Amino acid sequence: MKAKVLLNNRIVDLKSANVNILDRGYQFGDGVYEVIRFFNKSYFELDAHLIRLKESCEKILIPFKMHLKKLESDLVYLMNTCDYDNGYVYIQISRGVMNRNHIYQDEANLKPQLIAYTVREDHRPLQQMEKGITAFITNDIRWLRCDIKSLNLLGSVLVKNEAYAKGAKEAILHRDGIITEGSATNVFIVKNSTLFTHPANHLILNGITRKVVLEIAKKEKLEVKEIPFSIDELLNADEAFTTASVSDILPVTSVLIDEKSYSIGLGKRGDITKRIQDSYTNLIDKIPQDQSTN
């Protein structure tokens with residue numbers, strides 16, 4: 001089956017999904033996006049992602065006139081056009097098309113543009129979920145509105161590639177020694193059976209998987225502190241892990257600072273991380289199956 005794209009209100013072939021070069025998403029990165037995982041043709045946390053998409057639009061004053069239920073229906077239909085059961089959908093909304101100008105407020109006919117398409121992702125990263133990953137600690141060079149899921153990802157791209165060049169899976173970012181988040185993840189540490197993660201303010205994206213983990217911790221009766229923590233506290237943690245929709249929940253078993261490597265805890269996945277992973281897997285297993293027939 002040929003790849004399909006949701007282009008505004010239409011499902012079209014990929015080759016027909018053309019974007020105007022004057023689109024402000026292309027010219028300025030003036031837009032927002034979401035990535036939503038699906039398993040066995042069923043989306044995971046679809047409503048939460050779409051609410052955050054709407055909130056991101058509102059934060060940068062893009063009019064969000066779509067009905068969420070209609071968008072949800074379109075995304076389920078789009079998912080059903082692909083010939084694989086597991087993957088994710090990428091959704092992007094730009095401010096629209098106009099002659100290049102930093103000021104858009106006088107453009108009377110400016111209309112937001114939506115695109116969405118699916119990507120195959122057959123398996124969860126089970127080996128990394130068990131064995132853990134190495135992360136590279138580096139400066140957070142991004143802008144100060146990380147709570148908006150903006151198209152402007154150059155800062156994240158640069159640090160992610162820097163981590164990759166050093167053999168690390170993820171870049172963990174800090175501002176003046178305080179850990180914020182990863183280049184494409186949220187970061188948790190465990191100390192004395194208590195979870196710590198940066199508060200959900202303008203310095204991080206309040207990840208959907210982050211929220212699910214906090215809900216799991218509450219049900220598991222784990223103490224959680226949403227407070228800033230330092231590089232030293234990360235290095236002295238009993239456990240650490242990252243969270244994201246596609247990369248899942250990954251133990252951080254070692255970190256690189258400059259050219260030096262440090263083990264986190266015992267240098268392997270911790271018991272609390274595994275408990276949270278297991279609870280997360282249970283939630284995935286309980287997703288109402290095959291939304292495509294609903």
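**A tour from a helix pair to two loops**

In this predicted model, helices α2 and α3 are oblique to each other, because their axes cross at roughly 125° and an angle over 145° would be needed for them to count as roughly antiparallel. To see this, select residues 46–59 for α2 and residues 68–81 for α3, and look for the place where the two axes come within 11 Å. Viewed there, α2 passes α3 in a right-handed crossing.

Next, show the side chains that make the contact, which are L46, D47, L50, I51, L53 and K54 on α2, together with L68, L71, E72 and L75 on α3. Sorted by class, this contact of α2 with α3 holds 7 nonpolar and 3 charged residues, and no polar ones.

Now turn to the cysteines, beginning with C57, which counts as buried because its relative accessibility is 0%. A search of the whole structure finds 0 disulfides, and for C57 the nearest cysteine sulfur belongs to C146, 18 Å away. Select C82 as well, which is also buried, with a relative accessible area of 9%.

The last stops are two loop residues with positive phi. N192, in the loop between β10 (186–191) and β11 (194–197), has a phi of about 50° although it is not a glycine, and with a relative accessible area of 61% N192 is exposed. Finish at K221, in the loop that lies between α6 (208–219) and β12 (223–225), where phi is near 60°, again a positive value in a residue other than glycine; at 75% relative accessibility, K221 counts as exposed.

Notes. Residues are numbered from 1 along each chain as its sequence is written. This is a predicted model: local features need pLDDT of at least 70, side-chain atom pairs count only at pLDDT 80 or more; totals for chains, interfaces and linings use all residues. Side-chain values use heavy atoms; hydrogens and water are left out. Axes are lines fitted to C-alpha atoms, for helices over the stretch in contact, and angles run from 0 to 180 degrees between N-to-C directions. Helices (H or I, at least four residues) and strands (E, at least two) are DSSP runs, numbered from the N terminus. Angles under 35 degrees count as roughly parallel, over 145 as roughly antiparallel, 65 to 115 as roughly perpendicular and the rest as oblique. A crossing is left-handed if the near helix is turned anticlockwise from the far one by less than a right angle, and right-handed if clockwise. Contact means heavy atoms within 4.5 Å. Ala, Val, Leu, Ile, Met, Phe, Trp, Tyr, Cys and Pro count as nonpolar, Asp, Glu, Lys and Arg as charged, and the others, Gly among them, as polar. A disulfide is a pair of cysteine sulfur atoms within 2.5 Å. Buried means under 20% relative accessible area, exposed over 50%, partly exposed in between (1.4 Å probe, protein chains only).
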